[in-house]
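Visitor: I am new to this structure and should like to learn how to read it. Would you guide me through some of its features?

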Amino acid sequence: MAEGVNEMIRDGAEAKVIRRNNRLVKSRVPKRYRVRELDERIRRERTRAEARLISEARRAGVATPVIYDIYNSTIEMDYIEGKPLKYVISEDLCEILGELVGRLHAAGIIHGDLTTSNIIWDGNKMWLIDFGLAFSAGDLESRGVDIHVLFQTLESSHPNHEVLIDAFCRGYRLTLSSADEVLDRVIEIEKRGRYA
Amino acid sequence: MTLVLGIEGTAWNLSAAVVNEDEVVCEVTHTYKPATGGIHPREAAQHHAQFASWVISNLFDEMAEKNISPNDIDAISFSQGPGLGACLRTVATAARALSLSLEIPLVGVNHCVAHVEIGRWKTPAKDPVVLYASGANTQVLAYRRGKYRVFGETLDIGIGNALDKFARSAGLSHPGGPQIEMYAKDSMNYVNLPYVVKGMDFSFSGLSTAATDALQKHTLEDVCYSLQENAFAMLVEVTERALAHTGKTEVLLGGGVGANMRLREMLDIMCDDRGASFYVPEKRFMGDNGAMIAWLGLLMYKAGDTIEVEDSHVNPNYRPDMVDVTWLKE
């Protein structure tokens with residue numbers, strides 16, 4: 001484990017995230033309500049799956065943190081310097097994001113938590129972080145829900161969300177051939193109102 | 001005082017009750033008990049048809065003892081769904097007949113929302129995340145912007161059905177849940193079973209099959225214990241996520257599977273660790289009961305939420321998030 005000062009980034013229900021110098025250390029927390037063998041198994045499996053998807057996404061051309069170490073239920077990875085998209089959002093950046101998510105989906109990966117806090121802009125490159133809820137899938141519903149979550153974040157925090165969503169769609173169509181079908185599904189999911 | 005008569009009959013339990021703003025005035029129940037195996041939908045509907053008039057006349061007798069006449073009732077409510085189609089239609093017919101003969105309004109009630117509302121009535125919970133775990137339904141619900149939203153739900157069968165299915169294959173009698181709970185108490189030996197949480201949803205059919213297969217290699221006690229630990233951990237995890245996501249500070253348990261003490265213990269530990277309050281209504285209000293249909297009927301009737309007989313079709317797939325919550329003010 002690297003030496004240095006620890007800074008708590010997030011103390012969540014699922015995981016604790018600590019910054020140590022230029023590294024991010026993410027540990028899944030034990031749950032007292034679960035029997036120990038099961039608890040350890042779930043945390044170990046999810047940690048490995050997350051690490052695998054982070055690496056797969058990068059091979060598919062989506063910038064993600066480099067992983068240095070995985071042990072038990074902890075991942076050590078690069079700390080990405082930059083600003084969360086929610087502070088620097090613009091039409092151009094949303095189009096770049098659309099391309100990025102299209103590439104991710106084309107590679108059969110669903111991020112699972114696409115909020116503008118989990119997207120980092122470092123001035124010339126866009127990064128995706130926190131693959132804690134990511135999974136492998138290529139069906140319309142999974143892709144649709146993934147984008148629906150993002151659109152909801154945009155709608156709830158950015159007044160010009162319609163322009164931003166249009167820009168996202170332009171980018172998404174560039175990198176995913178079935179983009180139109182997915183975007184139709186997003187409208188259907190919205191009507192269901194279930195993930196509100 | 002407002003008096004509402006409600007009839008429940010979505011599955012195996014036929015139950016009618018009268019409530020007012022303060023209490024359940026009376027309740028009469030007749031339960032369909034299959035000779036072997038689980039619920040047979042047609043037999044359950046035939047049971048309801050056979051005993052509907054018995055239940056209502058006994059209810060009227062109990063009312064008479066309290067000096068309440070059928071003419072004092074303000075509205076009739078019934079479970080409009082979700083549930084077994086034939087059962088729903090039978091109960092809806094009885095409710096329409098009562099509404100027409102007594103010349104009082106009809107209220108169509110969503111069965112899942114009724115579970116939530118009776119829990120809010122009978123416990124101190126105000127704005128909880130609700131884990132509704134029964135035979136056919138397994139959902140994590142919470143109120144947000146005019147509706148009870150489904151934050152997580154089963155992708156296939158309900159938790160109770162999964163337990164019953166396993167119990168039948170293990171030669172245990174119906175309903176299987178209480179027997180599984182009893183055998184589980186004699187083991188502390190967890191055997192690996194599939195843990196299926198996808199985002200905020202869970203799936204139980206594969207788990208049930210895997211538990212049946214595990215009986216080849218492990219004792220019944222070990223498999224019962226592991227099945228409970230596994231299935232309930234899935235429910236508690238999604239409930240905790242919904243708490244974190246919504247920022248709410250209360251958890252309410254409802255549905256027949258809520259009778260299980262291990263499930264309650266796990267939810268209690270989770271709530272304790274998060275600083276949330278955990279509420280469980282008394283057992284008679286957890287499984288399907290007429291009082292919850294009458295109570296939600298009363299809330300909706302007072303909000304003016306009644307329907308005409310022509311619009312009182314049942315809906316076997318009636319989702320709780322389809323209901324506009326007209327009786328709550330934010």
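Guide: Certainly. Please bear in mind that this is a predicted model. We may begin with a helix and the strands it meets: in chain A, helix α3 (residues 91-106) lies across β8 and β9 and runs at about 45° to β9(A).

Visitor: In which order do the strands of that sheet stand?

Guide: The sheet is open and has three strands of chain A, in the order β6-β8-β9, with antiparallel pairing. At the edges stand β6 (83-84) and β9 (126-128) of chain A; each has a single partner strand, so one side of each is left without a neighbour in the sheet.

Visitor: How many bridges join β6(A) to strand β8 of chain A?

Guide: Two bridges join β6(A) to β8 (residues 119-121) of chain A, and these strands run antiparallel. Within this pairing, A:K83 stands opposite A:W121 in β8(A).

Visitor: Let us turn to chain B. Is B:A94 buried or exposed?

Guide: A residue is counted as buried if 20 or more other C-beta atoms lie within 10 Å of its own. B:A94 has 21 within that distance, and is therefore buried. This residue belongs to helix α2 (residues 85-102) of chain B. Beyond its neighbours within four places in sequence, B:A94 is in contact with B:I7, B:A52 and B:I56.

Visitor: How many residues does the contact take from chain A and from chain B?

Guide: Chain A contributes 13 residues and chain B contributes 19 residues. On the side of chain A that touches chain B, seven residues are nonpolar, two are polar and four are charged.

Terms used: Residues numbered from 1 in each chain as written. Chains lettered and ligands numbered in written order. Predicted model: local features only at pLDDT ≥ 70, side-chain atom pairs only at ≥ 80, totals over all residues. Pairing = 2+ DSSP bridges. Helix = DSSP H or I, 4+ residues; strand = E, 2+ residues; numbered from the N terminus. Contact = placed C-beta atoms within 7 Å. Axes fitted to C-alpha atoms, helices over the stretch in contact; angles between N-to-C directions. Buried ≥ 20, exposed ≤ 12 C-beta atoms within 10 Å, placed from the backbone. Nonpolar A, V, L, I, M, F, W, Y, C, P; charged D, E, K, R; others polar.
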